[in-house]
Structure formats: C-alpha cells, structure tokens
Amino acid sequence: MNKGKYYITTAIAYTSGVPHIGNSYEIVLADSIARFKRKDGYDVFFQTGTDEHGQKIELKAQEAGVTPKAFVDNVAGEIRRICDALNTSYDKFIRTTDDYHEKQVQKIFKKLYNQGDIYKGYYEGMYCTPCESFWTESQLVDGKCPDCGREVKPAKEEAYFFKMSKYADKLIAHINAHPEFIQPVSRKNEMMNNFLLPGLQDLCVSRTSYKWGIPVDFDDKHVIYVWMDALSNYITGIGYDADGESGEQYGKFWPADLHLIGKDIIRFHTIYWPIFLMAMGEPLPRQVFGHPWLLQGDGKMSKSKGNVIYADDLIDFFGVDAVRYFVLHEMPFENDGVITWDLMVERMNSDLANTLGNLVNRTISMSNKYFSGKVENKKVGVDAGAEDVDADLARVLTDTYNKVSRKMDELRVADAITEIFTLFKRSNKYIDETMPWALAKDETKRDRLATVLYNLSNAILVGASLLEPYMPETAKRISEQMNAPLADFAVLETCASKQDIATASTLYPSGTQVTQTPEILFARQDLAEVMEKVEAMFAQRKSEACEEEKSGMDEKFVELAPKAEITYDDFDKCQFQVGLVLACEEVPKSKKLLKFKIQVGGGTRQILSGIKQYYKPEELVGKRVMVLVNLKPREIAGQMSEGMILSAADEEGNLAVMTPERFMPAGSEIC
C-alpha cells in the first residue's frame, strides 16, 4: 500500500569536530521515523549530511596546519562513519562542498540579488564565530552571544543584506494558518514572541573577513553567509535548480514533510529558511520539529574533563541496537533528556535483557523442550479462564499498532517504543498467568500448552515487527530465531482498524520450527565493572587533554592566606559524604542560588548553593558531588538548606564542583 511520499531531513552536522552522542541522537531519531514511514507504506527520502564552510572551520584548519578542504574531508568522513555505525538508513549524504550544491547556492544568491531582496551595505556590530551570527549590543545577554553564551567580538565590514522584514508578515500569517508548522508549540511561541512579533532586522548574508565559503560569483571579495549556504542543502540535495530547471526528484519530494533539528537552531529553520523560500517562490516545508537536547547526567560533556561520550564508546559497551534504544527511549518529547552510565546499565538489564531478551529466550526454549521446536496453534481444550487470558493478550497486540502509529504521527518516538514494550511486558505476564511448566506436567493439557506457546510466539513476532524501525538488527535476529518473516505493517494496520483480533492472533505461521539453540539477545551488565572501564577511559582522555592543554605552558598555582590551625578532633567533627544530585533548579528571584535534591545514603536532603553563574541546573543532574552533611540547617532566601556542596575556586573566579575521581555510591564517606 503506497501512502505517498515522505521527505525527512536532519540538520547537517557542522564539521568543526567529531560529534558526541548528544549530537548523534538526531540522526538515530530521524532514522527511526524514516524506517517507520517506509514500513508504513510511504515512499521515503531521508537526507542528512555535513555543513562545511565558515570562519570557525577556517580557524580550526589553520590550527591543525592543513587546508580547510582537507580538514572538512577528514571530519565529514568521521561523521558519515558514525552515521553508518549507528545503522542509519539515509538515502542521501550531502556535503556543502559538493560542486552541484555550491553552484546552486551561487545561483540562489544572484537570483535574490537581481530581484531586489539582497542589497549591498555596511555592517558594524558584534560577531559570534561559533554561531556565525551577528548581534547588536541590545541583543546580547550579559555581553555574550544570546544563542551559545560565548564571547563576541566587534566586527566591521562591507556586506550584503537580505530584506527580512519584507516577508515577516507573510511568515507570521503562515505560522498562524498552519499550527503544525513549528513543533513543539513552545518553540513556535518562542519564535513568534521573541523574534517575529517584535520585528525582524535585515540579515547580513555575506562576509569579507574570511575566505572559506562559497564566493559571491559577481563580487568575489564576498563569501556567502554560512546559514544561507547550509539551509539550501534541503533543496539542492534533491535536484533544485534556481534557473527553473529542477529535476524530477525535486518535483516529487519537495516540500519536505519534516525538518528534524536541534532546538538551538530553531530560529534559522523557522524564520530565515522559510523567508528565503518565500523570496525564491518555493513552497515551505510542512513541519519543523525542534527536538530537545540529550544531556550527560554527570555534567556537561567537555574535552578538558575527558568525559565526552561518543557513539563508538556506547557501541563498544552495549552494542548498536542497545544504544539506539537508549537515546530514543530516554528523550522526552519537549524537555531535555539525560543519559547516565547508571541508567544505561539499568535499561540494558531490565528492559533489554529481561523484558525482551528473556521473553524471547524462554519462549523458544520451552518450544524446544516441550515440542522439539515446533510451534502449533491447537486452540482446543481451552477453559473459560484461559480464553479470557488469551483474549486479553490478543487485544493488547491488536491495539499496539494503532497506539504506536498515533505516537509516531505526533513524533513522540519514546512513547511509541514504550507501547511496544508494553506488549512485551504483557507477554511476560501471560507466561506467569498460564504457567507452561505446570501445563507440561499434565498430558491432558498438552494442546493447551501448545496454544500458549503459539500465542507467545505470535505476540513476540508482532512486537518485533513494530520494533524494527528502532532496533532493526534485534528485530532481524528475533525473526531468524523464530524462523518467520516480520509482519507487514499493512496487515497490522488492517487488524487494528477492524479490530480483527482473530487475524492478529494468527500471524505467526502455525507449524513453524524455531531455532534449536536460541541466542542471547542482550547480556546483563555489571554496573561496577562498567564504571571501572568508564573511569579508566575517561581518566586516559582527561590525561591526554591535560597534556595537550599544558603543552608549552607553565603550571599555574593559587596562593591562599593561611587560616588558624585546627586539630584532628576539629576535622573529625565534619561528616563528608558522596551525594547524588537527583534534581536541580534555579531559586526564583535569586541571581546566585541553585536548589538541589541530593541523595546521601538511603535518604535525600535539600541543599542550596550559590553556584548559579557557573552551572546550568541540567548540567548537574546525575552528578556525584562532595557534601558536608552535618552542617546545621539554615534558611536561605526563604528555603531551608541542609548541608553544603564542596567546590574549588581559582584566583580568576572560575569554580568547579568537587567530584569523586572514580565511581562511588551515594553516601560513601569522604575521609
């Protein structure tokens, strides 16, 4: 059944460095949507790629002592390798250094210039190199870039400008008429209230202060603004031609059905890009989804800290499909997700090894033990109670497709996976209810035993079929062990829409011979062993980063005025323990305070700490910190604080929360 075309894109990855797992999350998310749509009957085109121009890359190449092209060739190769390592099924990997893309960007720029939407002027303002963005003084936040919080520098140069305000009212009208255009709704409100409604300024769309970019072909002192270059990939990659001779693929797939991007670049995709398209006379994408961030629970990922997690790391520890499950399942629809090693081990053991892996292994093993591997649906000798149990399992598996499909239509991928695992959990419960091992002891209930194992096999097959877009290799391995093809989505959809429980309950071919020796899908992990390896990995990286940082530099030190001596007994009165940060939030109306919920041993306590200017709350959730726990509670800013978090500070005012060098359980004594 062909449901029509579906064109999905990711933001193209910037080639200033190799992406960490938070960056890689997006390609896995897009892949799961693309795979689901393909199985659901859509003609899918899935595009990703790399963004390779700009001042930041020019500087990085200079530091590395190579040409910009050699630098981006290396990084783009790594990015594509990571996409492949995560088993993503993209149809097109575009690079903005591709000749056809560069030529079309030049054509687009000239077309917009010729029709009066671009004009030459003069720019003076503040420039953020990492974001490739200009800002006025009034737009800065505490004197820094409002997007990334980094330092900005004065910039003054001749430039071309795009007349953004000319199309602002048209874009506002489009957003109001198409409530689905920007998702989630909070992102739409942000764009409308913070940018569109206050009024748009004309946008600088060229630079002269660096050379690594696509030249303006009629004024080669200028290179084209990197965002105009990068955003155009969505149409150049499928055959757009600014001269009006676009290819058949462009006519088929544009407008895009979904631009999947990070929330930090929502403005470029929902304001700049739609306005560029309006000026070009092209349709706007149907939807832009600004997904939240995947954060590391034990603090912000940093090369200097040595704690950056890459996709390769997680694959080495847990395997590709387990990594795909982690990043998809742990990301909420609208709020940032948190990934920690503790949580990954827990998910590996409870969800993957137990709920799914053990279900498949037990079912196949019992089929081999009791029926030499032959799975048959007898449906005879069933008492009323047993029929009720069977019917309930059948209803759950029949309804699962509809529930998953609805969640995917809303881009609630984590919730869709939860629905599939609800079916697996119901199947495990079915084993407890029917007790096959007890049925096997009664020869008169042999047919009932056969039916129970058939029902389980059928439920597993349906669940694995729905799981395929998210964990394709796992679904394949289950299919091979069950010796049956995965169910077609069209069949599942028909059964669900018609509530055809009878058909849904008999999708697994009766009489099938399962594999004789079921393989373990997911091996249980020992948290202590995992953390020992993780700490060793991070220690090595931190050492390498420190050596790199210290190269050619003298070691710094801090001198403090000595305090009065204390005795050992004085020190022994202080009780220091490791605390696990369960939650962290800003204290209203306070410029300095963060409020923590910290687990110490088996209990929790509330602690206030004046470190707001050094950390964002989400950076600290999941972090293990050093706590003075027997400090007398006191009221601060109207709230009680029950302890003190220990930090280190240098002469320049930089602050770092003190953390254990190795994994230590919450409550461990610091002595």
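**Close-up 1. The side chains of Ser89 and Arg38 meet in a polar contact.** In this predicted model, the contact spans 2.8 Å. Ser89 sits in a loop, between helix 3 (68–85) and strand 4 (92–95). Ser89 counts as buried, because its relative accessible area is 19% and the cut-off for buried is under 20%. Leaving aside residues up to four places away in sequence, Ser89 touches Asp31, Arg35, Arg38 and Phe46. Ile27 gives another view of the fold around this loop residue. Ser89 and Ile27 are 62 residues apart in sequence. In space, their C-alpha atoms are 9.5 Å apart.

**Close-up 2. Strand 7 pairs with strand 5 and with strand 9.** Strand 5 covers residues 118–128, and strand 7 covers residues 153–162. These two strands run antiparallel, joined by 10 bridges. Ile118 has Phe162 of strand 7 as its bridge partner. Strand 9 is made of residues 203–204. Strand 9 and strand 7 are also antiparallel, with 2 bridges between them. Here Phe162 stands opposite Leu203 of strand 9. Phe162 thus appears in both pairings: with Ile118 and with Leu203.

**Close-up 3. Tyr119 and Phe161 form a pair of aromatic rings, one of 32 such pairs in the structure.** How is a pair of aromatic rings described? Two values are used: the distance of the centres and the angle of the planes. For Phe109 and Phe218, the centres are 6.1 Å apart and the planes differ by 40 degrees, a tilted pair. Phe109 belongs to helix 4 (residues 99–114), while Phe218 is in the loop between strand 10 (206–207) and strand 11 (223–224). The pair therefore ties together parts 109 residues apart in sequence. Phe109 is buried, at 1% relative accessible area. Phe218 is partly exposed, at 31%. Tyr119 and Phe161 are stacked instead, with 5.8 Å between centres and 20 degrees between planes. This pair links strand 5, home of Tyr119, to strand 7, home of Phe161. The two residues are 42 apart in the chain. Is each ring buried or partly exposed? Tyr119 is partly exposed, with a relative accessible area of 30%. Phe161 is buried, with 7%.

**Close-up 4. Eight aromatic residues are drawn together here: Tyr7, Phe45, Tyr234, Tyr240, Tyr250, Phe253, Trp254 and Trp273 form one cluster.** The cluster includes Tyr, Phe and Trp residues.

**Close-up 5. Two charged side chains sit over aromatic rings.** Lys37 places its charged end over the ring of Tyr42, 4.7 Å from the ring centre. Arg267 lies over the face of Phe268. There, the distance to the ring centre is 4.6 Å.

**Close-up 6. Cys128 and Cys148 do not form a disulfide.** Why is there no bond between Cys128 and Cys148? The sulfur of Cys128 has its closest cysteine sulfur in Cys148, 3.6 Å away, and that is too far for a bond. A disulfide needs the two sulfur atoms within 2.5 Å. Cys148 is in no disulfide either. The structure as a whole holds 0 disulfides. The two cysteines also differ in exposure. Cys128 is buried, at 0% relative accessibility. Cys148 is partly exposed, at 25%.

Notes:
Residues numbered from 1 in each chain as written. Predicted model: local features only at pLDDT ≥ 70, side-chain atom pairs only at ≥ 80, totals over all residues. Heavy atoms only, no water. Pairing = 2+ DSSP bridges. Helix = DSSP H or I, 4+ residues; strand = E, 2+ residues; numbered from the N terminus. Buried < 20%, exposed > 50% of the residue type's maximum accessible area, 1.4 Å probe, protein only. Phe/Tyr/Trp six-rings, centres within 6.5 Å; stacked < 30°, edge-to-face > 60°. Lys NZ or Arg CZ within 6 Å of the ring centre and 35° of its normal. Contact = heavy atoms within 4.5 Å. Polar contact = N/O pair within 3.5 Å; in protein donor to acceptor, adjacent residues only side chain to side chain.
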